[in-house]
Amino acid sequence: MIISASTDYRAAAQRKLPPFLFHYADGGAYAEHTLRHNVSDLASIALRQRVLKNMSELSLKTQLFDETLSMPVALAPVGLTGMYARRGEVQAARAAAAHGIPFTLSTVSVCPIEEVAPAIDRPMWFQLYVLKDRGFMRNALERAKAAGVKTLVFTVDMPVPGARYRDAHSGMSGKNGPLRRVLQAMTHPEWAWDVGVMGRPHDLGNISKYRGNPTGLADYIGWLGNNFDPSISWKDLEWIREFWDGPMIIKGILDADDARDAVKFGADGIVVSNHGGRQLDGVLSSARALPAIADAVKGDLKILADSGIRSGLDVVRMIALGADTVLIGRAFLYALAVHGQAGVKNLLELFEKEMRVAMVLTGAKSISEITRDSLVRELGALSRSHEAIPA
Ligand SMILES: Cc1cc2nc3c(=O)[nH]c(=O)nc-3n(C[C@H](O)[C@H](O)[C@H](O)COP(=O)(O)O)c2cc1C
């Protein structure tokens with residue numbers, strides 16, 4: 001099969017992965033309305049075609065905090081990435097670094113901070129969840145700092161985990177889960193050998209380093225499930241702000257009032273995100289939430305956005321709606337599952353090519369020239385939403 005778009009990778013990943021892993025990545029919360037709208041709202045935004053503007057010189061470079069990015073894309077934190085390819089976090093981080101963009105290591109990665117950071121020649125980003133065990137949070141921050149991490153992505157939209165019904169159907173959770181997972185692995189031998197056998201140890205590397213005595217993935221996932229903290233408020237983040245001297249990005253903002261609170265708190269950036277539709281089903285897609293947030297805080301902090309981005313065209317759409325940079329989640333995970341580091345490399349090249357075509361044909365020579373003028377105002381689902389693009 002010729003891989004020519006991120007949708008090809010999704011189909012190929014579905015064939016290669018045991019179903020419990022494919023559906024864990026592909027699924028969302030509850031009836032998955034928000035998951036679908038993330039993709040369809042973004043795809044429905046009409047780009048404004050412009051021609052004959054001498055577009056021979058094009059730059060996709062962008063500056064974010066102290067970093068230069070070859071294009072305004074970073075890899076999102078994705079838990080359990082190391083179950084999708086052998087030592088998957090290392091492979092994805094290498095592909096991102098080679099392309100000149102940031103990789104974000106999840107709190108719940110398979111490979112620990114100390115394995116991934118030294119494998120690449122640019123500082124990775126680290127994502128932290130709010131957990132009841134503040135000792136773990138402090139330990140993780142100290143280790144990230146020691147490993148040269150500068151940018152912290154602090155995820156705040158998981159005070160409780162959203163229910164993912166697909167996981168119960170697929171065997172990821174629920175009755176007979178362990179047995180079903182073994183049977184699925186046996187019928188996917190390429191994955192079973194490459195990742196299931198050769199990709200060990202399969203634990204949550206950052207947590208096992210803290211807790212010691214690894215007893216397996218299920219134990220860690222249980223620990224994590226009991227550790228999400230619904231009592232969290234902005235006040236509880238102050239010690240992190242004091243401790244962390246690099247850029248701090250708050251991930252999981254979907255409302256302009258919360259974005260203003262992030263500015264008051266002193267955040268350097270936010271990620272406009274509904275966690276890829278994996279938390280509260282029925283909330284706005286990121287594409288619909290973004291314009292109002294950009295109107296409220298653009299220029300006060302950096303605006304990142306994710307959820308539903310499947311192509312370079314979607315990157316241009318998110319930038320036009322007000323994002324400075326975007327994160328991609330599933331798109332890179334599928335490519336990684338299919339061809340490892342080479343798959344992510346290829347995916348990033350596809351994104352870049354797609355962005356170039358979109359920029360040439362919307363008349364934007366640089367990222368800062370991608371604005372709401374790059375969109376057709378009277379068309380598209382967004383102009384009917386309550387955060388309509390101003391006419
Ligand atoms: C399998 C999977 C695991 C994820 N794990 C994390 C995580 O550990 N921390 C986090 O902040 N976000 C996590 N996310 C959310 C992503 O960071 C990102 O917000 C989301 O994938 C963006 O949507 P997209 O997949 O449509 O691009 C995860 C997403 C997926 C698909």
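The exchange below takes up salt bridges, a helix, a ligand site and a surface patch in a predicted model.

User: What makes R10 and D26 a salt bridge?

Analyst: The side chains of R10 and D26 come to 2.9 Å, N to O, and because a salt bridge requires a side-chain nitrogen of Lys or Arg within 4 Å of a carboxyl oxygen of Asp or Glu, the pair qualifies. R10 lies in helix α1 (residues 6–16) and D26 in helix α2, so the bridge ties together parts that are 16 residues apart in sequence.

User: Why is D26 called buried, and why is R10 called partly exposed?

Analyst: D26 has a relative accessibility of 8%, and since buried means under 20%, D26 counts as buried. R10, at 35%, falls between the 20% limit for buried and the 50% limit for exposed, and therefore counts as partly exposed.

User: Which residue does D26 also meet in a salt bridge at 3.1 Å?

Analyst: The side chain of D26 meets that of R166 at 3.1 Å, N to O, and this pair links distant parts of the chain, with D26 in helix α2 and R166 in helix α7 (residues 165–170), 140 residues apart. R166 has 21% relative accessibility, which lies above the 20% limit for buried, so R166 is classed as partly exposed.

User: How do you know that R86 and D194 form a salt bridge, and where do the two residues lie?

Analyst: The closest N and O atoms of R86 and D194 are 2.9 Å apart, which is within the 4 Å cut-off, and therefore the pair is counted. R86 is in the loop between β3 and α4 (88–99), whereas D194 is in helix α9 (residues 189–197), 108 residues apart. With relative accessible areas of 34% for R86 and 26% for D194, both residues are partly exposed. Elsewhere, salt bridges that share partners join R10, D26, E32 and R166 into one network.

User: Why is helix α15 described as mostly covered?

Analyst: In helix α15 (residues 312–321), 9 of the 10 residues are buried, and because buried means under 20% relative accessible area, each of those 9 residues is below that limit. Among the buried residues are D314, R317 and M318. The cover over the buried residues includes α3 (33–43), α14 (286–297), β9 (302–305) and α16. At the start of α15, a side-chain oxygen of S311 reaches to within 3.2 Å of the backbone nitrogen of L313, while the helix is followed by G322, whose phi is positive, near 130°.

User: What makes the approach of D306 to the ligand a polar contact?

Analyst: An oxygen atom of the ligand is 2.6 Å from an N or O atom in the side chain of D306, so the pair satisfies the 3.5 Å cut-off for a polar contact. Ligand oxygen is also 3.1 Å from a polar backbone atom of G329 and 2.9 Å from a polar backbone atom of R330. Taken alone the ligand exposes 600 Å², and the protein buries 99% of that.

User: Why can L361 belong to a surface patch?

Analyst: L361, in helix α16 (residues 330–362), has a relative accessible area of 36%, and because patch residues need over 30%, L361 passes that test. Together with V51, L52, V357 and V360, L361 forms a nonpolar patch with about 480 Å² of accessible area.

Key
Residues numbered from 1 in each chain as written. Predicted model: local features only at pLDDT ≥ 70, side-chain atom pairs only at ≥ 80, totals over all residues. Heavy atoms only, no water. Patch = residues over 30% accessible without salt bridge, like charges linked within 9 Å, V, L, I, M, F, W, Y side chains within 5 Å. Areas by Shrake-Rupley, 256 points an atom, 1.4 Å probe, with all protein chains shown as cover. Helix = DSSP H or I, 4+ residues; strand = E, 2+ residues; numbered from the N terminus. Buried < 20%, exposed > 50% of the residue type's maximum accessible area, 1.4 Å probe, protein only. Contact = heavy atoms within 4.5 Å. Polar contact = N/O pair within 3.5 Å; in protein donor to acceptor, adjacent residues only side chain to side chain.
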